[in-house]
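Colleague: I would like a close look at a single part of this protein. Please take me through the sheet, strand by strand, and what packs around it.

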Amino acid sequence: MSDAKSAVEPVAPVSMVRPDLRQFTAYQAASPGQDAVRLHANESAWRHDWDVSPAGLNRYPDPRPDSVLRRLAELYGVAVEQLLLTRGSDDAIDVLLRTTCSAGRDRIVICPPTFGMYAVAARLQGAAVDEVPLDASRDFALDVDAVIQAGRQAKLVFLCSPNNPTGNLIPASEVVAICRAMAGHGLVVVDEAYGEFAPEQALTPLRRECPNLVLLRTLSKAYALAGARLGVLIADPDLVRVLRAVMPPYPVPSLCIEAAERLLQPGPVARAHDEARETLQRREILRRDLAGSPAVVQVWPSAGNFLLVRCRDARRMVEDCADAGLLIRDFSRTPGLENCVRVTVGDSGQNARLLAAFRCTAAEVAHG
């Protein structure tokens with residue numbers, strides 16, 4: 001396997017854009033003009049009495065909120081020009097597919113079991129989906145050689161690290177090997193939605209040696225802004241410019257921008273990192289306790305804020321949790337995940353209620 005420190009040959013990621021979009025002219029949104037009277041966007045001059053938004057909800061949001069982008073660039077250690085602000089990671093996945101894949105011609109590679117939106121977005125765009133399953137016998141390890149083989153015909157390879165729902169990390173050396181193999185004809189997209197729970201494994205430094213690497217981050221998980229739907233795509237600046245042109249002119253609502261501005265201050269960011277570390281401690285306690293339950297067959301290691309659990313009877317487990325007012329995710333119909341559920345690490349009280357529900361299921365299973 002290639003050394004993670006080996007340089008990847010220079011490529012132009014923007015060349016992966018659909019030929020019919022390479023000269024695409026974006027819609028020109030009205031400029032923010034915050035210090036001027038806005039008579040250029042046909043907005044209402046009236047403001048609601050209950051509107052407490054600093055910018056005013058009668059005004060269109062800033063298409064490129066500079067203060068948020070600067071703080072995100074500092075947070076992730078990249079240049080502002082490498083960032084695209086999106087409505088969650090789903091939006092970033094969708095715009096990547098629409099911009100790079102021609103319907104009926106291009107293909108992507110995914111590695112199931114993994115996040116389902118990669119395949120959904122591809123099929124909506126008319127792109128073929130090739131699957132290279134993770135190896136369940138090796139804690140869902142990536143089959144790098146098989147991914148490289150499949151990637152020879154693909155425009156995009158989607159990876160998730162930590163992977164949802166299995167929780168495993170993809171080593172940087174494997175990402176680099178796939179980037180090298182895809183150089184010149186495809187992009188490697190690594191979804192790091194849960195990256196804050198494994199910060200020592202962040203792949204951002206690889207961008208310098210892997211220009212065809214695209215990273216997806218989000219404020220939905222560790223930063224506790226799922227309701228604001230704020231995602232971040234990190235990529236080559238030329239590619240980012242084209243992706244931005246393909247997106248709607250006002251991609252992120254004003255209230256979401258304001259939520260990000262409140263979050264992206266030193267105090268809230270430090271608090272989020274502390275909470276992520278505490279979540280990891282709770283995760284390991286929960287993993288230990290679940291592994292000792294008679295209702296459980298296996299609990300896999302996880303680098304995220306969740307655990308994948310194989311139960312003796314997943315259907316009954318989901319029902320017992322629901323009866324206790326707890327929602328967990330049933331993956332039993334996913335190939336390779338029979339009788340598996342995914343549980344999010346909650347606070348101490350929530351985790352205790354979850355364990356009580358598992359004890360209830362164990363008693364039911366024991367009594368037939």
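Modeller: In this predicted model, 7 strands form an open sheet. Their order is β1-β7-β6-β5-β4-β2-β3. The pairing is mixed. Two strands sit at the edges, β1 (83–86) and β3, and each of them pairs on one side only. From one strand to its neighbour the average turn is 20°, with direction ignored.

A general point helps here. Strands of a sheet are held in pairs by backbone hydrogen bonds, and a pair is either parallel or antiparallel.

Start at the β1 edge. β1 is joined to β7 (residues 231–234) by 4 bridges, and the two strands run antiparallel. Within this pair, Leu 84 is opposite Leu 233 of β7. A helix covers this end too. Helix α1 (residues 66–76) lies across β1, β6 (213–218) and β7. Its direction makes an angle of about 115° with β1.

Now go to the other edge. Strand β3 (residues 128–131) pairs with β2 (residues 107–110) in the parallel sense, over 4 bridges. On its other side, β2 meets β4 (residues 156–160). That pair is also parallel, with 2 bridges. One residue of β2 is worth following across the sheet. Val 109 has Asp 130 as its bridge partner in β3. Toward β4, Val 109 stands opposite Val 157.

How do β2 and β3 connect? Together with helix α3, they make a right-handed β-α-β unit.

Helix α3 has a helix partner as well. α3 (residues 117–125) packs with α2 (residues 88–100) at an angle of about 35°. The two axes are 9 Å apart. The crossing of α2 past α3 is right-handed. From α2, the contact uses Asp 90, Ile 93, Asp 94, Leu 97 and Arg 98. From α3, it uses Met 117, Tyr 118, Ala 121, Ala 122 and Gln 125. By type, the residues of this contact are 6 nonpolar, 1 polar and 3 charged.

Finally, step back to the whole chain. The protein has 10 helices and 11 strands. Its C-alpha trace spans about 75 × 55 × 35 Å along the principal axes. Is the overall fold compact or extended by its radius of gyration? The value is 22 Å. A compact globule of 368 residues would come near 21 Å, so the protein agrees with a compact globule.

Methods:
Residues numbered from 1 in each chain as written. Predicted model: local features only at pLDDT ≥ 70, side-chain atom pairs only at ≥ 80, totals over all residues. Heavy atoms only, no water. Axes fitted to C-alpha atoms, helices over the stretch in contact; angles between N-to-C directions. Left-handed = near helix turned anticlockwise from the far one by under 90°. Contact = heavy atoms within 4.5 Å. Nonpolar A, V, L, I, M, F, W, Y, C, P; charged D, E, K, R; others polar. Pairing = 2+ DSSP bridges. Right-handed = clockwise from strand over helix to strand, strands pointing away. Rg over C-alpha atoms; globule rule 2.2 N^0.38 Å.
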